[in-house]
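Dear colleague,

Please find below the structure that I am handing over to you. My account of what was found in it follows directly after.

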Amino acid sequence: MRGETQTDRRWIAAWWHSAFVDLASEMRWSYLPPLMVYFAAGVSGLTSVVGAFFLKEYLDLSASFVAGLAFWAGLPWILKIPMGHVVDLFWRWKALLILFGAALITGSLLIMFALVTEPGQMGAIMSISSWYVIALLLAPSGYAVQDVVADAMTVEAVPHVYENGTPLSQEEARALHTTMQTLGRVAIISGLASVAGVNIWIFSGVEDIGLDERLALYGRVYLVALAIPALSVSGVFLHSIFQRRKRQKGHPSRRTEKKAEVNWSILGGGLAFVLLSILMGTAQVSYAQEIVFVISLTIIFYLMAQLIKELSPEQARVLFGTAAIIFVFRAVPLPGAGWTWFQIDELEFDEQFLAILAFITSLLALIGLVVLRPLMARKSIAQVVIFLTLAAGVLSLPNLALYYGLHEWTAAHTNGVVDARFIAVFDTAIESPLGQVAMIPMLAWIARNAPSHLKATFFAVMASFTNMALSASSLVTKYLNEYFVVARAATDPETGKVISKADYNDLGYLLITVACVAVIAPLVTILLVQNSKYRTAE
């Protein structure tokens with residue numbers, strides 16, 4: 001018995017050391033600049049609650065349209081392919097790219113500020129829905145530009161030699177790259193947690209204020225959010241200072257090992273994708289989203305084929321197998337905006353409570369990233385995705401229970417303790433540590449194995465491929481919302497006139513379908529990949 005106790009203590013001590021002590025010991029000051037850019041991306045969540053309520057309460061847009069809009073909003077992340085190569089070619093001018101991204105983000109925030117504070121004047125120029133669509137497309141464009149630069153900055157941030165110039169071993173380099181990618185997710189989630197806490201404070205007592213005061217409050221949130229682009233700009237300038245000091249110590253940047261040459265296949269394919277997306281998006285062609293998806297995925301496959309020539313055959317097979325698993329895992333559909341509308345209309349969740357859920361999600365995801373870090377280092381991507389898929393299936397059950405009224409029964413038998421909000425908090429607390437885990441092993445693999453002079457391009461192409469999965473998810477979500485029609489109550493912000501009524505009769509069938517697809521599709525994909533030549537143990 002005593003021996004078992006000592007064994008347990010040693011196991012706990014080893015876990016504590018690998019989860020927390022190693023992470024702290026592997027932190028470097030050089031990591032700070034890219035982490036600031038990632039943190040700014042997380043802080044963008046400051047406007048998420050405001051945006052969700054403004055969309056639900058004041059815009060007459062269907063759930064299927066919103067899901068389709070998410071497809072177009074995801075395209076800038078797929079455009080990381082040409083942007084990544086441009087970053088490699090013009091790395092010295094990366095600050096200008098960060099500034100360009102900051103300008104796009106600022107434009108989006110100012111449009112939304114004007115919409116919530118002066119809807120009449122904005123509506124006189126163009127419909128409020130059109131303004132909203134423009135703002136929704138500008139913001140991800142800016143964040144995508146900045147994310148490309150930040151991804152490449154992580155490569156320079158990780159040291160490849162000791163202070164005395166001795167090269168790091170492959171195992172040490174792997175640990176540092178995994179730490180860098182983990183800290184990148186930590187920075188994003190920390191930003192989300194910070195602004196969720198701010199939102200809880202901002203929206204305290206919001207249920208007691210009228211329409212005009214509420215819109216004015218929304219406007220103040222968008223003004224405060226203008227601090228976001230300033231954070232990312234500060235990060236890139238700090239990176240330049242650190243790199244200058246490194247060169248002064250005689251440690252040249254890894255990006256100087258080999259100068260990137262213009263790859264006209266990548267630039268041409270990327271430019272074709274940009275032109276195709278703009279043309280299809282503005283011409284109102286039938287099945288425009290599907291056409292863009294198929295052609296862009298074909299272009300990405302072509303670009304991937306060009307890039308893997310830089311890898312060994314074994315590395316190329318592992319990359320394809322890993323990418324396929326991650327793609328399907330991220331391509332599963334979501335319930336869409338209808339579930340949020342149901343929470344607002346039927347469960348009576350207000351802005352402050354949604355901010356509380358966001359805070360719990362971010363805080364526990366942050367803890368989960370640190371706690372699960374040893375798991376990511378030891379287990380293969382296939383094993384991690386199996387765990388996340390099964391967990392997602394189980395964690396879809398509380399939402400179904402809320403829709404079918406389980407909270408009414410539990411509240412009646414617990415004197416109101418286990419009500420809808422209690423179940424929502426419980427579900428969020430269990431689910432949130434899992435959301436950011438799947439991508440970290442793949443990002444660390446790219447950072448470790450991609451040629452140093454093409455890191456940004458590799459990051460961009462693989463990120464574009466996995467972001468195509470999110471576009472596929474948006475398309476499937478749109479199809480499901482067209483079949484299972486969900487409508488919410490909404491009013492005109494100027495006249496107060498009711499412009500739509502709530503109808504959630506099909507939402508239960510939608511939630512069940514989403515849960516089944518989210519479990520079956522990834523598990524079948526893993527089974528096929530792991531029994532083929534593309535089997536991955538990474």
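In this structure, lysine 478 and glutamate 290 form a salt bridge, and their closest N and O atoms lie 3.3 Å apart. The pair joins distant parts of the chain, since lysine 478 belongs to helix 23 (residues 455-483) and glutamate 290 to helix 13 (residues 288-307), 188 residues apart. Please bear in mind that the model is predicted. As general background, side chains of opposite charge can pair when their charged atoms come close.

Are the two partners of this bridge buried or exposed? Lysine 478 has a relative accessibility of 11%, so it counts as buried. Glutamate 290 is buried as well, because its relative accessible area is 17% and the cut-off for buried is under 20%.

The count of salt bridges comes to 2. The other one joins glutamate 314 to arginine 317, with 3.0 Å between the closest N and O atoms. Glutamate 314 and arginine 317 are 3 residues apart in helix 14 (residues 313-331), which means that about one helical turn separates them. Glutamate 314 is partly exposed, with a relative accessible area of 45%. Arginine 317 is also partly exposed, at 29%.

For the chain as a whole, the model has 24 helices and 2 strands. The protein chain has 538 residues, of which 53% count as buried. Among contacts with a separation of 6 or more, 85% are between residues 24 or more positions apart.

I turn next to empty space inside the model. Rolling a probe the size of a water molecule over the atoms shows where such space is left. There are 2 cavities of 30 Å³ or more, and the second largest has a volume of about 60 Å³. Which residues line the second largest cavity? They are Val37, Tyr38, Ala41, Trp77, Tyr143, Gln146, Asp147 and Ala150. By type, this lining divides into 6 nonpolar residues, 1 polar and 1 charged. Helix 2 (32-43) and helix 8 (128-157) each supply at least two of the lining residues, and helix 8 gives the most, with 4.

Helix 18 (residues 381-395) and the loop after this helix also deserve your attention. Helix 18 has 15 residues and reaches 21 Å from its first C-alpha to its last, close to the 21 Å expected at 1.5 Å a residue. Its buried residues include Ile381, Val384, Val385, Leu388 and Leu395. Ala382, Thr389, Ala391 and Gly393 of helix 18 are buried too. Serine 396 is in the loop between helix 18 and helix 19 (397-403). At 17% relative accessibility, serine 396 counts as buried. In sequence, serine 396 and alanine 515 are 119 residues apart, while in space their C-alpha atoms are 6.2 Å apart.

One further residue may be useful as an exercise. Threonine 410 is found in helix 20 (residues 406-413). Which residues does threonine 410 contact, leaving aside its neighbours within four places in sequence? They are Val418 and Ile423. Threonine 410 is buried, because its relative accessible area is 12% and buried means under 20%.

I would suggest that you locate each of these residues in the structure as you read.

Yours sincerely,
A colleague

Notes
Residues are numbered from 1 along each chain as its sequence is written. This is a predicted model: local features need pLDDT of at least 70, side-chain atom pairs count only at pLDDT 80 or more; totals for chains, interfaces and linings use all residues. Side-chain values use heavy atoms; hydrogens and water are left out. Buried means under 20% relative accessible area, exposed over 50%, partly exposed in between (1.4 Å probe, protein chains only). Contact means heavy atoms within 4.5 Å. On a 1 Å grid over the protein atoms alone, a cavity is a set of points where a 1.4 Å probe fits but cannot get out, and a pocket is an open set with protein on both sides within 12 Å along at least five of seven lines; lining residues have an atom within 4 Å of a point. Grid points are joined across faces, edges and corners, and a volume is the space filled by probe spheres set on the points. Ala, Val, Leu, Ile, Met, Phe, Trp, Tyr, Cys and Pro count as nonpolar, Asp, Glu, Lys and Arg as charged, and the others, Gly among them, as polar. A salt bridge is a side-chain nitrogen of Lys or Arg within 4 Å of a carboxyl oxygen of Asp or Glu. The expected span of a helix is 1.5 Å times one less than its number of residues.
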